[in-house]
Amino acid sequence: MTFVFYDTETTGVDTGFDQIVQFGAIKTDDDMNELERFEIRCRLLPHIVPSPRALQVTRIKPSMLSDPSLPSHFEAMQLIYKKMKEWSPATFFGYNSISFDENLMRQAFYQTLQPVYLTNTGGNSRGDVLRMLHATHIFAPNAITVPLNENGKPSFKLDILAPANGFSHENAHDAISDVEATIYMSRLMRERASDIWENMLSHTSKRNVTHFIEVNKSFVGADIYSGKIYRWFLTHCGTNPNYNSEFAAFNLSYSPDDYINFSVDQLISIISHKDSPIRILKSNSQPILIIKELIIPNMIPENLTSDEFERRITIIENNPAFKERMGLALACRYSDLESSNYVEKKIFNGFFSDMDISIMAKFQNGNWEDRLVLAKQLRDPRAREMARRLIYFEQPDLITKSVREELDKWVKDRLMLKGSDVPWRTIPDALEEADKLLENTNASEVKFINSVKNFIAGLA
């Protein structure tokens with residue numbers, strides 16, 4: 001088995017409208033011995049305004065974002081995809097990657113006309129070391145040291161957690177350094193809580209998670225929110241008929257008698273409640289699911305007798321109509337949401353056709369004159385827009401004056417719109433953020449933040 005540990009450094013935390021500016025990855029064998037490493041930086045895209053706070057955290061200097069010797073975003077994403085494809089099949093690990101890095105990387109591949117689902121197709125699987133550490137902390141609490149933050153809550157920030165467990169993390173928030181810290185914590189987990197590690201490792205596979213949910217009459221689900229541990233005894237109670245990676249599980253601390261005859265609309269209404277008896281599980285997102293035999297005794301709810309526990313499972317198990325309504329509730333709960341006007345937000349609005357996929361593959365290898373021709377052959381409006389932007393960013397002289405002027409205005413709007421309800425960060429937004437940082441920072445940081453502020457003002 002091959003593992004690939006990776007990390008990104010970015011212009012901010014919006015996975016639709018920020019960009020990767022540094023990528024680092026280390027390929028290992030299944031004993032986590034390093035086999036190869038890869039790292040790359042790239043230039044800032046013309047329409048992206050970086051977050052001053054993000055640059056302060058990552059220590060990315062403005063000069064690094066405009067260095068002409070660095071590859072463009074398109075060139076860097078091509079090299080990243082090529083390397084990850086070369087290392088496949090593998091299990092791809094990040095730190096908080098399923099919630100963040102993975103989404104930003106998929107967006108980057110989408111915007112550069114490359115296959116989006118690299119990490120969980122073609123024999124690949126994906127895992128998140130943060131989720132694995134959460135599972136270890138919940139079910140093997142003495143295996144790793146989890147420091148407390150200033151609010152007295154457990155902190156899983158990598159730059160705090162890794163040093164607390166013996167890792168020298170001098171270059172925190174540098175992509176390759178964070179990868180090394182992630183590997184270190186992974187080794188520690190495997191050594192000190194091997195059963196939890198193996199259990200969560202198996203859940204990097206969508207197929208394995210689906211099998212786990214479907215064959216176990218009951219199991220334990222868990223998570224950590226805002227530093228607080230949550231655990232639930234669950235049983236499978238429905239599958240989304242339109243999205244077979246999404247499951248509903250019933251929390252057995254509730255009595256199913258109160259819900260078993262609910263209509264689809266009633267089930268939709270309770271799914272989003274804070275104290276809902278329904279937990280939503282996604283088999284492609286490495287949920288924390290543990291067989292009952294791996295939990296410690298004091299985690300079993302005291303108010304549930306063995307007979308009552310089995311009775312609740314049996315009620316759901318013997319009611320296929322309830323499971324069907326539950327599946328429909330999962331499928332229908334977002335049916336009234338409006339589609340976004342922004343192409344970045346349309347990444348999951350269906351798959352590209354085989355013809356467009358073939359054209360996009362040719363686009364990766366052609367010269368820019370060829371790419372201009374190929375762009376006109378794309379049928380999906382999302383792909384056409386991305387191709388148009390890429391040609392404008394890389395070879396603007398190839399497009400007509402009218403299209404160039406249209407895209408010039410688009411960039412200007414992306415940078416300068418103020419007071420508008422737009423989902424991206426503008427120059428006025430970033431300057432306001434920088435001023436707030438200056439109000440609450442120590443003297444040693446003032447020079448750096450001012451350099452960021454001047455750089456952002458210069459983008460106009």
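In the predicted model, Asn284 is in contact with Arg126, Lys206, Tyr243 and Ser245, its neighbours within four places in sequence being left aside. Asn284 lies in the loop that joins strand E9 (278-282) to strand E10 (289-290), and at a relative accessibility of 17% the residue counts as buried. The separation of Asn284 from Asn165 amounts to 119 residues along the sequence, and their C-alpha atoms are 29 Å apart in space.

A histidine and an aspartate were examined in the same manner. His137 belongs to helix H5 (residues 129-139) and is buried, with a relative accessibility of 14%. When neighbours within four places in sequence are disregarded, the contacts of His137 are with Val146, Pro154, Phe156, Ile224 and Ile229. Asp380, by comparison, is placed in the loop between H14 and H15, where its relative accessible area of 14% classes it as buried; outside the neighbours within four places in sequence, Asp380 is in contact with Phe352 and Asp356.

The helices on either side of Asp380 take part in a series of packed pairs. Two packed helices are described by the angle between their axes and the distance between the axes. For helix H13 (residues 354-365) and H14, the axes come within 9 Å and cross at roughly 165°; because this angle is over 145°, the two helices are classed as roughly antiparallel. The crossing of H13 and H14 is left-handed, and the contact brings together Asp356, Ile359, Lys362, Phe363, Gln364 and Asn365 from H13 with Trp368, Arg371, Leu374 and Gln377 from H14. Sorted by class, the residues of this contact comprise four nonpolar, three polar and three charged. Asp356 of H13, which takes part in this contact, is also one of the residues in contact with Asp380.

Helix H14 (residues 368-377) packs in turn against helix H15 (residues 381-394), at an angle of about 155° and with the axes 10 Å apart, and the pair is therefore roughly antiparallel. H14 passes H15 in a left-handed crossing, in which Trp368, Arg371, Leu372 and Ala375 of H14 meet Arg384, Ala387, Leu390, Ile391 and Glu394 of H15. The contact of H14 with H15 has six nonpolar and three charged residues, with no polar residue. Trp368 and Arg371 of H14 appear in the contact with H13 and also in the contact with H15.

The pairing of H15 with helix H16 (residues 401-416) has axes that come within 11 Å and cross at roughly 90°, so that H15 is roughly perpendicular to H16. The H15 side of the contact is formed by Arg388, Arg389, Tyr392 and Phe393, and the H16 side by Val403, Arg404, Glu406, Leu407, Asp408, Trp410, Val411 and Arg414. By class, six residues of the contact between H15 and H16 are nonpolar and six are charged, while none is polar.

Several features of the backbone were also noted. Most residues other than glycine have a negative phi, and most peptide bonds are trans. Arg59, although not a glycine, has a positive phi of about 60°; this residue lies in the loop between helix H1 (52-58) and helix H2 (62-65) and counts as partly exposed, at 38% relative accessibility. Asn96, likewise not a glycine, has a positive phi of about 65°, is found in the loop between E4 and helix H4 (97-111), and is partly exposed with a relative accessible area of 31%. The peptide bond from Ser88 to Pro89 is cis, its omega being near 0°, and Pro89 lies in the loop between helix H3 (73-87) and strand E4 (91-94).

With regard to the cysteines, a search of the whole structure finds zero disulfides. The cysteine sulfur closest to that of Cys237 belongs to Cys332 and is 15 Å away, which is too far for a bond, given that a disulfide requires sulfur atoms within 2.5 Å. Cys237 is buried, with a relative accessible area of 0%, and Cys42 also counts as buried, at 2% relative accessibility.

Methods: Residues are numbered from 1 along each chain as its sequence is written. This is a predicted model: local features need pLDDT of at least 70, side-chain atom pairs count only at pLDDT 80 or more; totals for chains, interfaces and linings use all residues. Side-chain values use heavy atoms; hydrogens and water are left out. Axes are lines fitted to C-alpha atoms, for helices over the stretch in contact, and angles run from 0 to 180 degrees between N-to-C directions. Helices (H or I, at least four residues) and strands (E, at least two) are DSSP runs, numbered from the N terminus. Angles under 35 degrees count as roughly parallel, over 145 as roughly antiparallel, 65 to 115 as roughly perpendicular and the rest as oblique. A crossing is left-handed if the near helix is turned anticlockwise from the far one by less than a right angle, and right-handed if clockwise. Contact means heavy atoms within 4.5 Å. Ala, Val, Leu, Ile, Met, Phe, Trp, Tyr, Cys and Pro count as nonpolar, Asp, Glu, Lys and Arg as charged, and the others, Gly among them, as polar. Buried means under 20% relative accessible area, exposed over 50%, partly exposed in between (1.4 Å probe, protein chains only).
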